[in-house]
Amino acid sequence: YGGSERQPMRLFEIFYFFCLLGAISNAHVPCLYGKDIKDVPVDWQQRIAEGQMMYTDVEPDQQLQASVGNGYLATVVGSDTIYLAGVFNGLNTETPSHRARIPATNAITITSGKPIGSALDIGYGTFYRRVQVADAIVEQRWFAHRSLRSLLIHTIHINNTGGKTPVDVDLINNAGPASSDISFSRVVPGSPGLDQYTGKINIPEEPDSLVVSVAVTTTHIPNVLVVDSGLEVTYYFITAIRSSLDSSSPVYDSLRDYNFAVLELADLHKTHLIAWQEIWNSGIEIGGNLQLARVINTSLYYILSSVRADWPYSLSPGGLASNGYNGHSFWDCETWMFPGVLLLHPDIALGLLQYRELRTNGAAQKAKSYNKGYQGYMFPWESAFTGQEVCPSSSPTGQLEQHITADIAFAIKQYWDLNQDLVWLRTFAYPVLYGIAEFWASRVERDGQLYVINNIIPPDEYAVNVNNSVFTNVAVGIALNFTVWCANTLGLSVPNEWSQIAKNLKIPFDANLQIHKEFDTYYGETIKQADVVLLGFPLMFPMPRKIRYNDLIYYLSRTDPGGPAMTYAMHVIAYLELGLTSEASKLWDQAWANARSPFWVWTETPTGGAVNFITGAGGFLQGVLFGYGGIRLLNDSLKFDPQLPPNSDFVRFRQINYLRAQIDVSFDQQETRVTLAKPGLQTLTLNTSSSSMKLSVNNMVSFKTQPFTIFPTSGVFH
């Protein structure tokens, strides 16, 4: 990407440095003050102390490097790859379909510098690297522009005001090999100072599916930048990427987006910060525990940088900056990441559901592919572009792990419980729910007075081809009952059989041990991950307290300690629900042990696995919101049972969403404070054990920390 000559920068590439770090003075970003500031750049110290900037003087191996993304595109800093959401290459389950690699355009290393430090600022959605070259201080920035979604931007600021001679800053870009997924060719004649190339994916997901084209316009990278003594200069390297998914002319539109960025150079970072400020208006604060605050908010950052409301693609276990698990969407999205996103960003959560709704044709084809008379929508265990099954054919999960279809219905129910929007229910949710219920009604088998679901893989994937997974059967019952309820609410009819199936699904239970059996023939084997414990939460399946406790203790002792990261958070939630706070505290550190410093990137297991494993981040965040926050989203109310995490002084949930209202909730050991930050469509009432009060905008109510409930004063529908 550059000749060996020293190239003078064009006028649009040269700008005197703008101090943008302080551009957003009132941003509601992760806020916690600590005392562990090291000998780091002075202008970074406050951000580090507040838990907003993750700093290191020695960057980790590439595997644990931070990423930047905006839900449309993303990259791991310094890696040779950029990924674009929705762009996959490979034939369904055979190749299989996987994220299509775009060679990096901004993985720039300054080869002539002495490292000073590097930092990920999650509040600003920006990665910084600072080095010294001769007498000059050089700062690099990487950010995927949050509002101008096609832009990936890299800046190099060279401060040679203290130098007595010109400084040479040598550059190299880690573009890696040519893409094996997209056949790129250069655009001719191109434009001066730019590199432009375009290409199509090599193998569509299905023989008749769209062959996606991609276009890249990027600033040409020279081998060296030269800055005279006494000068301070910022160089901009802009990449604009478009595809035929959202453009009829990707080459033209990528160049147009690039040119727009050039006109807005001085404001690019500022407008990016404003967009992130809007996102961080909703969030989580922890007092007295800087380490926990860092992990909570980097977990949110990695999830939110992989998804956006205006680009309805799903979340994959490794996030958008990774090809982990081929970039596919599993139950990980709806079960592990969706609930936290829903409370804080329902607009983004809606996009995750839209991803499924837009792929019901694929779900219908999967149901028919079994040739067993299955009807309706059977969603794939692994989904990518078309919504047809893309799980590698070598794995049995693609055929047998079917609870995903019930998991999607449960996520739809959660969205309904939060928003109570009848128009959405009728036009979007109900047709999907009907197809899901239709599938399960055709999938079950009659066994005497009961209905059974045989030949299945439960969430515990060590169990293959078993009968009556208790998690699956309970989730199916919820899906059927909710669909029937929706039909009644909308004045529609459904087969009477659906209620009977839900009522009579087999629920395996061991009367001697007084536990739910994971499946019919389960006898105490080691399990991979949370399974039966999920009956209590998130499914909230009614059971006596003693059974909930028995399930927890029995399966906790049989859970593989080398399993995925999200399991321990579910155990913590169960202990807290049971009032066993000390037992929850003993497990809490394990719930976030897989977040690796310095940038708190998640690994799937204690020893590795998929990276950055945002499924684990999602499970951990549920431990904060639904565990220590004690939040329960019900069909008629939003309940809280607040408790402080270990070694913490206070918790604040900023702008929790409920019925289109936004509510601030903060609590410490003694007092809870609730403020209606933004009204919804209905008046809300807050009840404690001893009082009832209506919430009004910006009028804080406070009371002794205890369980409380928020509900609509005049009914739930609108």
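**Internal cavities and the surroundings of strand 12**

Six cavities of 30 Å³ or more are found in the structure, which is a predicted model. The second largest cavity is a good place to begin, with a volume of about 100 Å³. Its lining is made up of 16 residues, and those closest to the centre are Phe88, Arg99, Tyr313, Ser314 and Gly327. Sorted by class, the lining of this second largest cavity comprises seven nonpolar residues, eight polar residues and one charged residue.

Attention now turns to strand 12, which spans residues 151-159. With the cut-off for burial set at under 20% relative accessible area, eight of the nine residues in strand 12 are buried, so the strand is largely enclosed by the rest of the structure.

The pairing partners of strand 12 help to complete this picture. Strand 11, covering residues 136-144, runs antiparallel to strand 12, and eight bridges join the two. Readers who wish to find this pairing in the model can start from Glu139, whose bridge partner in strand 12 is His157. The connection between strand 11 and strand 12 is a hairpin, made through six residues.

Strand 12 also pairs with strand 18, which is formed by residues 232-243. This pairing is again in the antiparallel sense and extends over nine bridges. Here a convenient landmark is Ile153, which stands opposite Ile238 of strand 18. Strand 12 is thus described by its antiparallel pairing with strand 11, by its antiparallel pairing with strand 18, and by the burial of eight of its nine residues.

Terms used. Residues are numbered from 1 along each chain as its sequence is written. This is a predicted model: local features need pLDDT of at least 70, side-chain atom pairs count only at pLDDT 80 or more; totals for chains, interfaces and linings use all residues. Side-chain values use heavy atoms; hydrogens and water are left out. On a 1 Å grid over the protein atoms alone, a cavity is a set of points where a 1.4 Å probe fits but cannot get out, and a pocket is an open set with protein on both sides within 12 Å along at least five of seven lines; lining residues have an atom within 4 Å of a point. Grid points are joined across faces, edges and corners, and a volume is the space filled by probe spheres set on the points. Ala, Val, Leu, Ile, Met, Phe, Trp, Tyr, Cys and Pro count as nonpolar, Asp, Glu, Lys and Arg as charged, and the others, Gly among them, as polar. Buried means under 20% relative accessible area, exposed over 50%, partly exposed in between (1.4 Å probe, protein chains only). Helices (H or I, at least four residues) and strands (E, at least two) are DSSP runs, numbered from the N terminus. Two strands pair if DSSP finds at least two bridges between them.
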